Amino acid sequence: MAIEFSARVRRMPVYPVADGYSLPDDVAMLASNESPDPPLPAVVAAAQRALSGVNRYPDPSNATLKRALSNRYGIAPSRIAIGNGSCDVLLAAGEALLEPGAELVYAWPSFSVYPYLAAASGARAITVPLDDDDYHDLDAMAAEITAATRLVIVCNPNNPTSTALPFADIAAFAQRVPRHVALIVDEAYCEFNLLDDPDTTLDLLDRHPNLVLLRTFSKVYGLCGLRVGFALCGSEDFVRAVDAVRQPFFCNAAAQAAAVEALAHQDAVAERVERAIVARVEIASGLSELGIEAAPSQANFCWFDLPEESDEQAVVRGLAERGVLVRAGTALGRAGALRVTYGTPGQNVRFLDALREVL
Ligand SMILES: *Cc1c(COP(=O)(O)O)cnc(C)c1O
């Protein structure tokens, strides 16, 4: 007899893991929106110093990291939640807010982790299609908020479509979400968004105690292998709730130390953003030479529909055979599309050359 698992396990969606982790170094890994740049030497050194003390548990209050984030963003440490990646905070929010009978609202296609929140809790997911240009339809989302709604998630810029709404739209939407409903704005890619200064949304936190800005060290800071993310919150209640549903030592010592050091190098952040913007322009123009129009990207990746006659799986395979790994749209919510992370200049040329051959 096989082990009998809970209904919760049976509800969990299966997201195909990215390939490439055991492939040769020269494979262009453009499938997971990672940074192509290795961590800064000072950040590696900080993590290494922390390793020499790992006979001790990490600081469960994440005090040094919270203080560094507080200095950087002007938000009290008590209103900052830390996580083992920002997905940890996201899943904890699901546990803290959702249960059978409750509803959560998010757009689709959007981040592949959101469906897990409903599956894990037994709450009902209300998914609102993106509009025809692949932007969040905030009016339609507002219309789905009911007495049962506990959580609304807006991913801005949106993964996988790379599109972003301007600050004014987010601010107006926050105004429409009732105060007893948590609003998470997932800003994993906000540093790459040229529509507004990434710090603009911070102003909303004082006006909306139910607002949470979810951010991460995984993308522009290039630390996804260490797992550390954070949330800037409108109230301390949210921090207490997500801490209550997790184990005490959710952020390891090397990750805490590396994140603190990384925050001190905003010049490197600016340089990475600049390189991503150059890649954005070059790849968009390379795609357009192939007759492909990518969605207007405000992130470190692009999203586009393949020409009608081409087969998504065959294109992904053809690119892989040429040493370029990208994400097929089917796994992300739309068949016939691709999501491609910007790599180094050499990898970007290689991607465009490979795509030209495959098509
Ligand atoms: C990559 C990503 C994250 C970050 O996940 P971590 O757990 O911090 O690595 C969060 N939200 C979105 C939309 C992402 O694409």
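At what angle do the axes of helix H4 and helix H9 cross? In this predicted model, the axes of H4 (residues 86–97) and H9 (residues 236–244) cross at roughly 95° and come within 8 Å. That angle makes H4 roughly perpendicular to H9, since angles of 65 to 115 degrees count as such. If you are wondering why both values are quoted, two packed helices are described by the angle between their axes and the distance between the axes.

Let's look at the side chains where these helices meet. H4 brings Val89, Ala92, Ala93, Ala96 and Leu97 to the contact, and H9 brings Phe238, Ala241 and Val242. Sorted by character, the residues of this contact are eight nonpolar, no polar and no charged.

Stay on helix H9 for a moment and find Val239, which lies in it. Is Val239 buried or exposed? Its relative accessibility is 4%, so Val239 counts as buried, the cut-off for buried being under 20%. Leaving aside neighbours within four places in sequence, Val239 is in contact with Lys66, Ser78, Arg79, Ile80, Ala81 and Cys233. For a sense of scale, you can also pick out Ala31: Val239 and Ala31 are 208 residues apart in sequence, and their C-alpha atoms are 32 Å apart in space.

Now zoom out to the whole chain. The domain assignment gives domain 1 (16–39 + 266–358) and domain 2 (41–263), so domain 1 is written as two stretches of the chain. The centres of the two domains, taken over C-alpha atoms, are separated by 25 Å. Where the domains touch, the contact takes 25 residues from domain 1 and 30 residues from domain 2.

That brings us to the nonpolar interior. The largest nonpolar core has 82 residues, and those with the most contacts inside it are Phe217, Leu287, Phe304 and Phe351. Helix H11 (residues 266–289) gives the most to this core, with seven residues. Domain 1 and domain 2 both give residues to the core, so it lies between them.

Phe217 is a good place to centre your view. Apart from neighbours within four places in sequence, Phe217 is in contact with Leu65, Leu69, Gly222, Leu223, Cys224, Val228, Gly229, Phe230, Ala259 and Leu263. There is also a second, separate core of 28 residues, which includes Ala81, Ala93, Leu97 and Ala118. Some of these names are familiar: Ala93 and Leu97 belong to the H4 side of the contact with H9, and Ala81 is one of the residues in contact with Val239.

Technical notes:
Residues are numbered from 1 along each chain as its sequence is written. This is a predicted model: local features need pLDDT of at least 70, side-chain atom pairs count only at pLDDT 80 or more; totals for chains, interfaces and linings use all residues. Side-chain values use heavy atoms; hydrogens and water are left out. A nonpolar core is a set of buried Ala, Val, Leu, Ile, Met, Phe, Trp, Tyr and Cys residues joined through side-chain atoms within 4.5 Å. Buried means under 20% relative accessible area, exposed over 50%, partly exposed in between (1.4 Å probe, protein chains only). Helices (H or I, at least four residues) and strands (E, at least two) are DSSP runs, numbered from the N terminus. Contact means heavy atoms within 4.5 Å. Axes are lines fitted to C-alpha atoms, for helices over the stretch in contact, and angles run from 0 to 180 degrees between N-to-C directions. Angles under 35 degrees count as roughly parallel, over 145 as roughly antiparallel, 65 to 115 as roughly perpendicular and the rest as oblique. Ala, Val, Leu, Ile, Met, Phe, Trp, Tyr, Cys and Pro count as nonpolar, Asp, Glu, Lys and Arg as charged, and the others, Gly among them, as polar.
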